[in-house]
Structures are given as structure tokens and as C-alpha cells.
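Colleague: Please take me through the helix packing and the buried residues here, one point at a time.

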Amino acid sequence: MAADDAYARLAGTLERIQRASGRAELSEVLDSAGLSYETGIPEAVVLILLAGGRAEDISVAERVRQRLDFLRETRRRDDGKRYALEEIAAAAGVTRQTMSEWRKKGIPSLESADRLRRFFSLPPGFFFADEPEALDEALQQRLQELESRSDPFAELRTPEILRLAARGLLSPTGVRAMAQWAEAVTRPVAPGARGGARDEEGLAS
């Protein structure tokens, strides 16, 4: 993806998040530290991107080296200790010497990078995606959650429901029934109410 396209896509995502959250400041709804941990982008750069700025242009090799170092600094073993270089090398399927070379001037193969990604449960593109692309990808789930909360019918927009709507074959009675059903399923449940209870309009009959 071209750099300008990646920044334009990120700007669009941030605008939608701001609109869905109803907040003037994105820092009120987005966790910059969490986004940094997920993407491998330094938190200072995440904050710049969230504010509409641009990350410093770096080579792919430099980006990969930065994220390898970030990975080793931020991920911990079950005992809370940092992974040894030998352990990370083993996860990548290479020797410690090869790992050391990557950190100085080399770059891992796609296969080795994917081994590391799966070992540490990293998102796709963790090592190679540029900063705006990686951040935009990380923001997609947050955007979906916010838009679902702001639009009570978002989860009803399934392919099946959309196909029914596209047919345009509902009678006026059918339209009223669908409206009543939609109102019923989006109505807040009273505390202690049991699932499956009939509402007062008899929609469950």
C-alpha cells in the first residue's frame, strides 16, 4: 500500500472512531500504550499518528529491526522474565548467530517472521507493515465495537437480513411485524427478567 493511501485510510478510520465515540479527543477512547504493544510501534509514534501526524520514513530493514527489539523488550515468559535471544531464535527456527545478524543489519525471511508471529500471537504484518497501515489494522476492531454500540441495529445487518431487505417483497403487515420485532429485541432487559419471556404485545406467540 502506498504511503499516502495508508495515511488516508488511517485518517478515515480515526474520523469514524471520533464520530462513533462522540468524543473530541481520541485519547479519551484509545489506549496508546495498548496500541503500541499490539503493533510494535513506539508509543510516541502512535500518539503522533493519532493526532494526524506522520511517522519518520525508515527502511523496511530498519523497521523490522526496531520491532524485533520491541518484541524482546515487551514480551515476557510465563515466569515474567524476558525471553533470551536463544529462545527467540529457536521460535524463529534459526540460530542465535542468525538472530544477532538480523538485529544488526539483516532481515528475517517471511517464513521465519511468520514463525515468530505465531509463537508470540502477533497480528499479521507485525514486522513488515508500515506504521499507518499497522495502526489502522489494529484500530479496526475498536471501530467495529464503537459503531456497534452507537448503532443498535449494527449486529442485525447480516447478509441474510440484507438479502431480505433487497427483495422489497414485504407487505405493510410484514413491515409492521419487523418493526415490532426490532423494537422488542433492542429493548433493554429489566433486571431479573428471564430470557424468552413474552412481551406485552404477544410477539413471542
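Modeller: Angles between axes under 35 degrees count as roughly parallel, over 145 as roughly antiparallel, 65 to 115 as roughly perpendicular, and the rest as oblique. This is a predicted model, in which local features need pLDDT of at least 70 and side-chain atom pairs pLDDT 80 or more, while totals for chains, interfaces and linings use all residues. Residues are numbered from 1 along each chain, and side-chain values use heavy atoms, without hydrogens or water.

Colleague: How are α5 and α7 oriented to each other?

Modeller: Helices are DSSP runs (H or I, at least four residues) numbered from the N terminus; here α5 spans residues 85-92 and α7 spans residues 110-119. Their axes (lines fitted to C-alpha atoms over the stretch in contact, with angles from 0 to 180 degrees between N-to-C directions) come within 7 Å and cross at roughly 110°. The two helices α5 and α7 are therefore roughly perpendicular.

Colleague: Which residues of α7 meet α5?

Modeller: Contact means heavy atoms within 4.5 Å. From α5, the residues that take part are I88, A91 and A92. Their partners in α7 are S112, R115, L116 and F119.

Colleague: Why do the buried residues of α7 lie on the same side of the helix?

Modeller: Buried means under 20% relative accessible area, exposed over 50% and partly exposed in between (1.4 Å probe, protein chains only); in α7 the buried residues are S112, A113 and L116. L110, E111 and R118, on the other side of α7, are exposed. S112, A113 and L116 share a side of α7 because their arc, taken from the directions between helix axis and C-beta atoms, covers only 100°.

Colleague: Which helices do the buried residues of α7 pack against?

Modeller: Just after α7, S121 has a positive phi of about 55°. Within the helix, the buried residues pack against α4 (60-74), α5 and α6 (96-104).

Colleague: Which element gives the most residues to the largest nonpolar core?

Modeller: Such a core is a set of buried Ala, Val, Leu, Ile, Met, Phe, Trp, Tyr and Cys residues joined through side-chain atoms within 4.5 Å. The largest has 20 residues, and L14, I17, L30, L35, L50, L135 and L139 touch the most other members. Elements giving two or more residues to this core are α1 (3-21), α3 (43-50) and α8 (131-150). With six residues, the element that gives the most is α8.

Colleague: What does L135 contact beyond four places in sequence, and how many residues are in the other core?

Modeller: Leaving aside neighbours within four places, L135 is in contact with L10, L35, T39, I41, V46, L49 and L50. Apart from the largest core lies another, with Y83, A91, W102 and L122 among its members. The number of residues in that other core is 18.

Colleague: Is E131 buried or exposed, and what is its relative accessible area?

Modeller: E131 is placed in helix α8. Not counting residues up to four places away, E131 touches I41, V45, L49, A55, I58, R63 and R67. Its C-alpha atom is 9.1 Å from that of Y7, 124 residues apart along the chain. E131 is buried, with a relative accessible area of 7%.

Colleague: What is the C-alpha distance between A11 and D136?

Modeller: A11 belongs to helix α1 and is partly exposed, with a relative accessible area of 43%. In sequence, A11 and D136 are 125 residues apart. The C-alpha distance between A11 and D136 is 8.7 Å.

Colleague: What arc do the buried residues of α3 cover?

Modeller: V46, L49 and L50 are the buried residues of α3. After this helix comes G52, with a positive phi near 95°. V46, L49 and L50 lie on the same side of α3, because they cover an arc of only 100°.
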